[in-house]
Amino acid sequence: MNLPNKLTVFRIVLIPVFLLLMVIPFGWGEVVWAGTVIPVTSLISTVIFIVASLTDLLDGRIARSQHLVTNFGKFADPLADKMLVMTAFVILVSMGKAPAWVVAIIVCRELAITGLRLLIVENDGTVMAAAYPGKIKTTTQMLSIILLLLNNVFFNNIHLPMALILLYVCLFFTIYSGIDYFVQNRSVFSDGFK
């Protein structure tokens, strides 16, 4: 297993750790930052999400620059991204930090694209790698989650409008990239329209 794939697996391993720290009150104490009381578990879980997001940036760059792109990487990297992003969004909805309807659209798009990837593999045996609009989508999703988490942890909802604006930008790219994937791969459905 090459380094980019190890980073992808590491990101997958971080997801349940992030989830547990976000939802279970471990009672590890609090820190005070700029007059705001911050639970230690919230701080650690936010750092874990940021680290996991950075592994996505690193694994792709390393894989492309060192010609280490594999079918496992093309499959597992976007899957790890989806798992991380959907976990965070569901938690943010449960905390009242993200609108449920936005997250529902994002989850539906992610499931649809995962289904499309499976159809493409079944039809011609190739694994569909992430396209540029999909990479923008993932980046804006992760940045909006980071901003929502930081807003929750450090800023006590002072910068929520900026976080929500980025969330709506991410929603736009989520829809756009989903449509783009289906248009680019419409031949997969050609037998259904005969």
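**Exercise 1. Packing of α3 and α4**

The crossing of α3 and α4 is left-handed. The model is predicted. Task: find the angle and axis distance for helix α3 and α4, then classify the orientation.

Solution.
- Step 1. Two numbers are needed, since two packed helices are described by the angle between their axes and the distance between the axes.
- Step 2. Helix α3 covers residues 71-94, and its angle to α4 is about 160 degrees. The axes lie 10 Å apart.
- Step 3. The cut-off for roughly antiparallel is over 145 degrees. α3 and α4 are therefore roughly antiparallel to each other.
- Step 4. Now the residues. From α3, the contact uses Lys-74, Pro-78, Lys-82, Met-86, Phe-89, Val-90 and Val-93. From α4 come Ala-100, Val-103, Ile-106, Val-107, Arg-109, Glu-110, Ile-113, Thr-114 and Arg-117.
- Step 5. Sort by class: the contact of α3 with α4 has 10 nonpolar, 1 polar and 5 charged residues.

**Exercise 2. Packing of α4 and α6**

Task: state how helix α4 and helix α6 cross, and which residues meet.

Solution.
- Step 1. Take α4 as residues 100-124 and α6 as residues 160-184. Their axes come within 10 Å and cross at roughly 25 degrees.
- Step 2. Angles under 35 degrees count as roughly parallel. So α4 is roughly parallel to α6.
- Step 3. The handedness: α4 passes α6 in a left-handed crossing.
- Step 4. The α4 side of the contact includes Trp-101, Ile-105, Ala-112 and Leu-116. On the α6 side, the residues include Leu-167, Tyr-168, Cys-170, Gly-178 and Phe-182.
- Step 5. The class count for the contact of α4 with α6 is 14 nonpolar, 3 polar and 2 charged.

**Exercise 3. The β1–β2 hairpin**

Task: describe the pairing of strand β1 with β2, the turn, and the side-chain pattern along strand β2.

Solution.
- Step 1. Strand β1 spans residues 30-33 and runs antiparallel to β2, with 4 bridges joining them.
- Step 2. Place two partners. Glu-30 has Pro-39 in β2 as its bridge partner. Trp-33 has Thr-36 in β2.
- Step 3. β1 and β2 form a hairpin with 2 residues between them. In the turn, Ala-34 has a positive phi of about 50 degrees.
- Step 4. Put that phi in context: most residues other than glycine have a negative phi.
- Step 5. Strand β2 covers residues 36-39, and its side chains alternate. Thr-36 and Ile-38 point to one face and are buried. Val-37 and Pro-39 point to the other face and are not buried.

**Exercise 4. Three single residues**

Task: locate His-67, Pro-25 and Leu-58, and decide whether each is buried, partly exposed or exposed.

Solution.
- Step 1. His-67 sits in the loop between α2 and α3. Its phi is near 55 degrees, a positive value in a residue other than glycine.
- Step 2. Exposed means over 50% relative accessible area. His-67 has 71% relative accessibility, so His-67 counts as exposed.
- Step 3. Pro-25 lies in the loop between α1 (3-23) and β1. Its relative accessible area is 75%, so Pro-25 is exposed.
- Step 4. Check a distance: Pro-25 and Val-40 are 15 residues apart in sequence and 9.7 Å apart in space, C-alpha to C-alpha.
- Step 5. Leu-58 belongs to helix α2 (residues 40-65). With a relative accessible area of 44%, Leu-58 is partly exposed.
- Step 6. Last distance: Leu-58 and Met-22 are 36 residues apart along the chain, and their C-alpha atoms are separated by 24 Å.

Notes
Residues are numbered from 1 along each chain as its sequence is written. This is a predicted model: local features need pLDDT of at least 70, side-chain atom pairs count only at pLDDT 80 or more; totals for chains, interfaces and linings use all residues. Side-chain values use heavy atoms; hydrogens and water are left out. Axes are lines fitted to C-alpha atoms, for helices over the stretch in contact, and angles run from 0 to 180 degrees between N-to-C directions. Angles under 35 degrees count as roughly parallel, over 145 as roughly antiparallel, 65 to 115 as roughly perpendicular and the rest as oblique. A crossing is left-handed if the near helix is turned anticlockwise from the far one by less than a right angle, and right-handed if clockwise. Contact means heavy atoms within 4.5 Å. Ala, Val, Leu, Ile, Met, Phe, Trp, Tyr, Cys and Pro count as nonpolar, Asp, Glu, Lys and Arg as charged, and the others, Gly among them, as polar. Buried means under 20% relative accessible area, exposed over 50%, partly exposed in between (1.4 Å probe, protein chains only). Two strands pair if DSSP finds at least two bridges between them.
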